[in-house]
Amino acid sequence: MISRTIFVADYQMPHQDPRAVDILHRYLVMEHKAPVDTLIVGGDLVDFKVLSTKFLNSQVNRQSVVSEIETAKYELDHLQYLTPGARRIFIGGNHEQRLRTYIRGLAPELEIFMNDDRSLSFDKLFDLTELGYQPYIEYPGIFEHKGLTFKHGDYTGAGAGARELKREGSSGMSGHLHQYRVHTETNRKGSHAWFHAPCMCYVRGPNMPPGAHEGVQDWTQGFMEILFYEAEDEKRIFQVNPIIITEGRAIMPNGQVIVA
Ligand SMILES: [Fe+2]
Ligand SMILES: [Fe+2]
């Protein structure tokens, strides 16, 4: 029996690319052999630049934290609508975590409001329960699912996949790099792999997150499809299909081309 999981990460709202979002939505409504059984939103849904202590004195739009949260809720609601019957998971990223760092640093008396479903928790800010998501997994937390470890990601640089694999001791997937990558290791204990998912934010043009070089980020845009096959002997195998989006165009696993 085949089941399908979707992992989508790093929208970095307000820097999400609406063409990529449109392609994800259209992919989700396409007919597939196996319906989406689990949807994982893998963190950095919002950018929260205004809450970063790095940018405290820079010219930032103080209202953006409200609009980022509202846009995030709108997308989470849309994803719920497009994945009926799926289990929905939200794993926080380092950008969501900027809220806790900010409050801890500047108003530590209020930090208690971030815990246990209180008013500054992401369960409340993103309406996760109402929108059909399981309780927020705070950065750097993980979600174990069908033998794989899903997380936002702790490492960057050339050896990121090897380091994630070593730290978790299991095959898995993360975002955070904004690059599609695969690191594989086969040894006497078996075959292991760490997948880095692409991002949903702009990778070029005027609305990229900060840090571009010459107007381009060395990033990949898209999301991940993971198929699991559970055999009767209880041995499980999986197949990972990256859905790569290039300037508003993508080829679906069934060969159909989507142009946003
Ligand atoms: Fe990110
Ligand atoms: Fe990140």
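These notes cover two sheets, the helices that pack on them and the main nonpolar core of a predicted model.

1. First sheet. Strands 3, 2, 1, 9 and 10 make up an open sheet of five strands, in the order 3-2-1-9-10 and with mixed pairing. Strand 3 (87-90) and strand 10 (236-245) have a single partner strand each, so one side of each lacks a neighbour in the sheet. From one strand to the next the twist averages 20°.

2. Pairing at the strand 10 edge. Strand 9 (residues 221-230) runs antiparallel to strand 10, and the two are paired over 10 bridges. Within this pairing, Met224 has Pro242 of strand 10 as its bridge partner.

3. Helix on the first sheet. Helix 1 lies across strand 1 (2-8), strand 2 (36-41), strand 9 and strand 10. Its direction is at about 140° to strand 10.

4. Nonpolar core. The largest nonpolar core has 54 residues, and those touching the most other members are Phe7, Val8, Leu24, Ile40, Phe90, Met200 and Phe223. Helix 1 (residues 18-29) is the element that gives the most to this core, contributing six residues. Leaving aside residues up to four places away in sequence, Phe223 touches Ile6, Phe7, Val8, Leu24, Ala197, Pro198, Met200 and Ile243. In soluble globular proteins, nonpolar side chains tend to be buried together.

5. Second sheet. Another open sheet has five strands in the order 4-5-6-8-7, again with mixed pairing. Its edges are strand 4 (142-145) and strand 7 (181-187), each of which pairs on one side only. Here the twist averages 15° from one strand to the next.

6. Parallel pair in the second sheet. Strand 5 (residues 148-151) and strand 6 (residues 172-174) run parallel and are joined by three bridges. Thr149 stands opposite Gly172 of strand 6.

7. Helix on the second sheet. Helix 5 (residues 160-168) packs on this sheet and touches strand 5, strand 6, strand 7 and strand 8 (190-196). The directions of helix 5 and strand 8 make an angle of about 120°.

8. Buried face of helix 5. Which residues of helix 5 are buried? They are Ala160, Gly161, Glu164 and Leu165. Because these residues cover an arc of only 135° around the axis, they lie on the same side of helix 5. The buried residues of the helix pack against strand 6, strand 7 and strand 8.

9. End of helix 5. Gly169 follows helix 5 and has a positive phi, near 65°.

Conventions
Residues are numbered from 1 along each chain as its sequence is written. Chains are lettered from A and ligands numbered from 1 in the order in which they are written. This is a predicted model: local features need pLDDT of at least 70, side-chain atom pairs count only at pLDDT 80 or more; totals for chains, interfaces and linings use all residues. Two strands pair if DSSP finds at least two bridges between them. Helices (H or I, at least four residues) and strands (E, at least two) are DSSP runs, numbered from the N terminus. Axes are lines fitted to C-alpha atoms, for helices over the stretch in contact, and angles run from 0 to 180 degrees between N-to-C directions. Two residues are in contact if their C-beta atoms, placed from the backbone, lie within 7 Å. A residue is buried if 20 or more other C-beta atoms lie within 10 Å of its own, exposed if 12 or fewer, and partly exposed in between; C-beta atoms are placed from the backbone. The arc is that of the directions from the helix axis to the C-beta atoms. A nonpolar core is a set of buried Ala, Val, Leu, Ile, Met, Phe, Trp, Tyr and Cys residues joined through C-beta atoms within 7 Å.
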